[in-house]
Amino acid sequence: MLRIDNSTADNTHRIQRENELDLVYLLQVARRQKVVIGIAAGVVICLAALYCLIATPQYTASAELLIDSQQARGLEVMPQLTGIMDSSAIDSQVQILQSERISKAVIKELKLVDRKKRELEDQASGFWFRTLGFVLPFLVRTTPFSDFEIERAQIEDFSNRLKVRRVGNSYVIELDYKAPDQQLAADVANQVAEAYIVDQLEAKYQATRRASVWLQDRIAELRDQALAADRAVQDFKAKYDIIDTQRGLISDQQMQELTTQLITARTAVAEAQARYERVNSIIKQGGVTGTSDEVVSDVLNNEVISRLRTQYLDAVKREADWSKRYGPDHVAVINLNLEIKGLQRSLFTELSRIAETYKSDLEISKAREASLSKSLEQLVAQAKLTGQAQVELRELESNAQSYRALYDNFLQRFMQATQQQSFPITEARLITDASPPQRASQPKTALIIAGGTVLGLLMGFGFAMWRERMNRSFRLPADVERYLGLDCLGVLPILPSTIATPVPAGESALDRTTGIMRQVVADPFSRFSETLRSVKVSADVSIHSRSVKVIGIVSTLPKEGKSTVSANFAQLIAHSGQRCVLIDGDLRNPTLTRRLSPGRTLGLLELVFGKATLEEASIVDQVTGLRFIPAIVPGDIVHTNEILASEQMAQTLDMLKQNADYIVIDFPPLAPVVDVLASTHIVDGYVYVLDWGSSNRDLVANTLQNAPKVYDKVLGCLLNKVDLKALRSLEDYGSKYYYHKYYASYGRDS
C-alpha cells in the first residue's frame, strides 16, 4: 500500500481539517452513532407518548356563518348600506368575529367568569395546592384573583381557543372553538355566531340612530336655508317689480301684446294711406273716366258712391241711346247731359267728403302707431333693466331650488332611517349549528408520535454529529487518508489481557515465547501479524526511488504502542529469514531496552562512539535471529538529537547495512522532542503509529505539518490498539478494511 496523493507538493493541501458534509459521510455518522440516535429518538418518543397520556383532551366544535348581502334587499330601504361584498369586506368580518367585543359578549352570556372563579376556588382549597403553597410559597399566589383579572385571563384564553377562517373564496366563515368540555365547545361556537348577529343588529341600529339624529339637525338647518332663499327671491322680485305668471313675466306679455298692436296699427296706417292716396288720385283726375270708374268701383266700396255711379252710368247709357235716336240737340238729350253733369258733381263731392274721412282715419292710425311705438320703447327699456335683474334672480331661484331639493332629499332619508331602525335583519345568518364533538381534536396522538419520532431522530442525529465533531481521534482507516493525506497500512487489534501482560522487572521479553513483544512469533497468522506484513510490503514497494532499508517507527505522543510495533515488526522480518537489526533510538526514554534487554551495560551510544563492537553492544534473539541494539543511557542526555544527526550515527548505520537487510529504529515521539527531525538523513522511511480512538488528529496533523521532511518519508500509518468489534460497527461494508478479518483465517480451514 502506498501513500495517497503523493504528487502534491504542499503538505497542507493533503492534510484536511474536517469532513465534507456529503451524503456518504452523513450515512456513516448515522451508522456509527445508531445507538445514540436510537436512544435519543426513544426518549423523545416516550416523552411524546407520556404527553398524550397525561394531556387533557380538547374538543373542537365548528359552526358556519354565511355573509349574504342579498337577503336584506327586499326590506332594505337604504340602498347605500347593501351591495356586493368584496374579499376585504369578508376579511373584515373575520376580524370582527375575533374582536374583544364579541369575546366579552360570549363570556358574559355563558358566565365563563363565574365558572372560572369556581374552578380557582376549588383549586385553592385542594390538598396539593395548599401543600405546594406551603412548601414553595413564591410559586403559588395566595391572594384571590379579582373579577377583572379573571375576565382578562378569560378573554386571552378565549382568543387562543377561537379560530375563525374564511372557507375558500366563498362568503362562508367557519368558527372553531376548542374546549375540554364537549358541550361547552358547541355552546361557545353557537354563542359566538349569535353574538356576532346581535352585534351586527346593534351596529345597524346605532348607525341608523346616529344618522337620524344627524339628519334631523341637518333638516332643520336646510329648512331655514330654503325659507331664507325663497324669501330672498320674493324680496328681489318686489324690489324690481318683477311679476311672474304661469305664462311668464307680465312685462314680457305686455311687450308681446304691444308688438302685436303696433304691427296692426302700422298695417292700418298703410291701408289708410293707400285709400287716401287713391281717392286723391281720382279727385286729381278731374272726372270719373272708365279707368276711374273701375278704380272707384274696385277701391271705394261706398253705398252712396255706388248709387250715384249706377245713376251716372244709366244716364250715360240713355244719353248715348237718345243721342243716336233723337240727335244730340234734342231737349231730352240736353237735359240728360245736364243730369249727367249733376251726377258727376255729386260724385266728386262725395269723393271729397270720403277723402277727408280717409285723411282723418290716416291721422288717427298714425297717432295710434306713434303711441304704441312710444309705449313699446318704454317697455323695451324696462325689459333691459328687468333682464339684468333676472340674472341675479335666476341665481337666487337656483339657490332656493337647490336648498329645497336638499331639504326634500334629507327629509326623505330621515323618514327612511326612521323606518330602518325597526327592521331586525342582518346580512349574516347561521347556516350550520355547532354540535358537541364526539372525538377529541387534541392531543393528536398519531401526529405527536410521528413528530416526536422525527424530532427524536433529528435530535439524535444532531447529538451524533456533535459527538463526531467533538471526537478528534482516528477511528477509521479512512480518517487517516482524509485528515493526513497518508495511506493507512493497516489496523493492529488490541491484544487480549493474557497476551498484553507486562514482563516482570529484570526479565527480557525475548526469553519468553509468548507475550505482547512476541505476538508475531506466537501467532504468525493473526491479524496483528498480517498487518505488520503489509507494512513490510509497503516498504518493499515504496514509492521512493531507493530501496527502503532503514525504517523508523514513530508516534506523536508516548504510550501509543510504537515500541511494541517496532519489536514485533523487526521480529517478523527476522523470522522470515532476512537479516534484521532492531535499534532502540529513543535516547530519552528507552522503553524497548527495558523490555528486551534489562541489565545491559553496552548499547547504541558505545557502538556509535566506537567504545564497543557490534557483538558487544547487541544481543541476538535465538528464536528469530533478530539482532537488537539497546540504548543504554547512563543519565539525562541533553542533546540527543545531536547524536542522531551526527556523522558517527550515519557511519554506524552504513556499517549495519552491510551486515543486515533491514534496520528498524524505534524513535521517540515526534511531538514532545525533535529527535526524529534529526534522523531524516539516515532513515529511508517512517511508519507512523496512531493510537486508535486516542490520538488527536488535530495534534497529529499539526505535528506533521511542522515536520515536512518526516512527512515526505512516511510510508503510511498504523492504527494501533483497535477494538475490532467496535471498528466493524464503524466501518462501511464497502471499506477495504472490512474484509481484513479474513486475512488470518484465509486458507487455514481448507
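Hi everyone, this is a short talk about the salt bridges in one structure.

Please keep in mind that the model is predicted. How many salt bridges does the count come to? The count comes to 17, and I'd like to walk you through some of them.

Let's start with Arg-266, which pairs with Glu-369, their closest N and O atoms lying 3.2 Å apart. Arg-266 sits in helix α10, residues 250-285, while Glu-369 belongs to helix α13, residues 331-420, so this pair ties together parts that are 103 residues apart in sequence. As for its surroundings, Arg-266 is partly exposed, at 43% relative accessible area.

Next, a pair within one helix. Arg-482 forms a salt bridge with Asp-479, with 3.1 Å between the closest N and O atoms. Both residues lie in helix α15, residues 477-484, and they are 3 residues apart, about one turn of the helix. Is Asp-479 buried or exposed? Asp-479 has 8% relative accessibility and counts as buried because the cut-off is under 20%. Its partner Arg-482, at 21%, is partly exposed.

Now over to Lys-562 and Asp-666, whose side chains meet in a salt bridge at 3.2 Å, N to O. Here Lys-562 is in helix α18, residues 562-575, and Asp-666 is in strand β12, residues 662-666, so the pair links parts that are 104 residues apart in sequence. Lys-562 is buried, with a relative accessible area of 8%, and Asp-666 is buried too, at 1%.

One last item, and this one is a network: Glu-100, Lys-104 and Arg-152 are joined into one by salt bridges that share partners.

Thanks for listening, everyone!

How values were computed:
Residues numbered from 1 in each chain as written. Predicted model: local features only at pLDDT ≥ 70, side-chain atom pairs only at ≥ 80, totals over all residues. Heavy atoms only, no water. Salt bridge = Lys/Arg side-chain N within 4 Å of Asp/Glu carboxyl O. Helix = DSSP H or I, 4+ residues; strand = E, 2+ residues; numbered from the N terminus. Buried < 20%, exposed > 50% of the residue type's maximum accessible area, 1.4 Å probe, protein only.
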